[in-house]
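Trainee: I would like a close look at a single part of this model, taken slowly and with its surroundings. Please keep to what can be read from the coordinates.

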Amino acid sequence: MTAVSVPPKPVRRRRRLPAYAPWAVLAGALGVGALLSLLSGTFTFTGALLFGALVHVVAITTLSAVVEGRRWATDRLATTLVTAAFVLAAIPLVSLVVLVLRFGMERFSWTFLNDDMVGIFGASVEGGVFHAIIGTLWVTGLCSLVAIPLGILTAVYLVEYARPGPLKRAITVLVDVMTGIPSIVAGLFAATLFMVVVGPQYKAGVMGAVALALLMTPVVVRSVEEMLRLVPNELREAAYALGVPKWLTVVKVVLRTAVAGITTGVMIAIARVIGETAPLLLTVGIVANVNWNAFDGRIATLPVYVFRQYAQGGASVDRAWAGALTLILIVMLLNLVARLVSRYFSPKGAR
């Protein structure tokens with residue numbers, strides 16, 4: 001007998017929503033949200049967005065369940081929730097940037113960047129931030145000169161050399177504790193240290209650098225440690241098999257492979273301390289002129305400058321916003337330089 005072949009049963013495929021469906025549902029949900037906010041008594045933009053988001057989540061999930069099925073509806077729900085979380089996280093950042101640009105551009109100019117506050121009093125519309133820029137670069141540079149090598153070497157020791165034991169646990173606990181200390185405590189420590197060693201009358205930018213180094217070092221250690229752990233052990237073993245000593249493997253293989261992540265972690269640490277105000281208020285204070293010597297005399301910094309100008313009120317508030325914009329631009333410039341450095345020094349396959 002000849003077997004009769006039975007044709008396979010066609011697989012029934014669910015229909016899919018068109019690409020414009022989520023956007024159409026979102027537009028309708030925002031309209032419903034605005035109506036609900038209006039019916040609640042007082043119309044607010046925030047309330048309309050909140051009601052619209054809730055309506056959108058319910059509507060797109062229900063519509064997907066009816067048309068596409070349960071699995072695609074679950075995917076739509078997860079995608080909507082993740083997108084909503086991203087938008088909520090981006091709102092403060094975007095609001096901050098827009099606010100600083102809006103108020104900071106009123107006084108921001110080349111003259112503002114090249115002038116100081118010598119002879120500027122009261123509601124004067126003159127004055128600039130040049131002395132604070134120089135002070136910030138001095139203090140942050142000295143802080144980075146101490147914290148970056150110390151943090152990288154500590155992370156290398158913890159990952160590559162330290163064996164499980166009391167010493168490694170003690171260093172790890174100490175780093176964790178230092179990560180959470182308030183910035184005012186670091187300022188008090190630096191002020192007390194120089195008061196005991198040098199004297200109570202000594203004021204200099206190096207005091208602020210020491211205070212910021214206490215805050216920056218644990219951040220560098222933690223970030224670099226995580227980047228070094230991501231380097232595959234196969235790369236280390238291949239280097240050892242070729243007879244390369246351990247220290248050269250760390251320098252040429254491990255650090256070179258993780259240089260992009262290390263650079264990013266260092267920049268996060270710099271951004272963490274460049275805007276600190278409390279420790280600098282206790283250590284370096286504020287002056288109206290440029291101080292080129294970070295080891296003698298008070299020195300102005302951008303965070304303290306912004307704080308003092310805003311506290312004075314009046315026309316000084318405009319200088320505070322322009323100073324905040326200057327600080328953000330410096331951080332952005334440093335991040336750009338860090339990107340270029342990591343791109344140049346990273347392995348060719350990782351570029």
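At what angle do H5 and helix H11 (residues 259-274) pack, and how far apart are their axes? Please go on from there to the other partners of H5 and the residues around them.

Mentor: The model is a predicted one. H5 and H11 pack at an angle of about 135°, and their axes are 11 Å apart. H5 is therefore oblique to H11. The handedness of this crossing is right-handed. On the H5 side the residues that meet H11 are Thr136, Thr140, Cys143, Ser144, Ile148 and Ile152, and on the H11 side they are Ile262, Val266, Ile270, Val273 and Ile274.

Two residues of this interface can be followed individually. Threonine 140 belongs to helix H5. Its relative accessibility is 9%, so threonine 140 counts as buried, the limit being under 20%. Apart from residues up to four places away in sequence, threonine 140 touches Ile270 and Ile274. Isoleucine 274, in turn, has its place in helix H11. With a relative accessible area of 5%, isoleucine 274 is buried as well. From its C-alpha to that of cysteine 143 the distance is 9.6 Å, although 131 residues separate the two in sequence. The contacts of isoleucine 274, again without residues up to four places away in sequence, are Thr136, Thr140, Pro303, Leu327, Ile330, Val331 and Leu334. Thr136 and Thr140 in that list are also among the H5 residues that meet H11.

Methionine 332 is a residue of helix H14, which spans residues 316-345. Methionine 332 has a relative accessible area of 52% and is exposed, because the limit for that class is over 50%. Its C-alpha atom is separated by 14 Å from that of isoleucine 133, 199 residues away along the chain. Serine 316 is found in helix H14 too. At 0% relative accessibility, serine 316 counts as buried. Between the C-alpha atoms of serine 316 and valine 306, ten residues apart along the chain, there are 9.2 Å.

H11 can also be approached from another helix. Methionine 227 lies in helix H8, residues 205-229. Methionine 227 is partly exposed, its relative accessible area being 26%. Its contacts, leaving aside neighbours within four places in sequence, are Ala258, Gly261 and Ile262. Ile262 is one of the H11 residues that meet H5. The C-alpha atoms of methionine 227 and alanine 260 are separated by 8.9 Å, with these positions 33 residues apart along the chain.

Next comes the packing of H5 with H10. Helix H10 covers residues 246-257, and H5 packs with H10 at an angle of about 110°, with 12 Å between the axes. An angle of 65 to 115 degrees counts as roughly perpendicular, so that is how H5 stands to H10. The H5 and H10 crossing is right-handed. Val156, Glu160 and Tyr161 of H5 make the contact with Lys246, Trp247, Val250, Val254 and Leu255 of H10. One pair in this interface has a further feature: the charged end of lysine 246 sits over the ring of tyrosine 161, 5.3 Å from the ring centre.

The remaining partner to describe is H6. Helix H5 runs over residues 130-161 and helix H6 over residues 166-179; their axes come within 11 Å and cross at roughly 140°. H5 and H6 are therefore oblique to each other. Here H5 passes H6 in a left-handed crossing. Thr154, Tyr157 and Leu158 of H5 make the contact with Leu167, Lys168, Ile171 and Thr172 of H6.

Finally, some ring interactions. A charge also sits over a ring at tryptophan 72, where the charged end of arginine 16 is 3.5 Å from the ring centre. As for pairs of rings, a search of the whole structure finds three aromatic pairs. One of them is formed by phenylalanine 194 and tyrosine 202, with 6.0 Å centre to centre and 15° between the planes, and is stacked. Phenylalanine 194 counts as buried, at 13% relative accessibility.

Notes
Residues numbered from 1 in each chain as written. Predicted model: local features only at pLDDT ≥ 70, side-chain atom pairs only at ≥ 80, totals over all residues. Heavy atoms only, no water. Phe/Tyr/Trp six-rings, centres within 6.5 Å; stacked < 30°, edge-to-face > 60°. Buried < 20%, exposed > 50% of the residue type's maximum accessible area, 1.4 Å probe, protein only. Lys NZ or Arg CZ within 6 Å of the ring centre and 35° of its normal. Axes fitted to C-alpha atoms, helices over the stretch in contact; angles between N-to-C directions. Helix = DSSP H or I, 4+ residues; strand = E, 2+ residues; numbered from the N terminus. Parallel < 35°, antiparallel > 145°, perpendicular 65-115°, else oblique. Left-handed = near helix turned anticlockwise from the far one by under 90°. Contact = heavy atoms within 4.5 Å.
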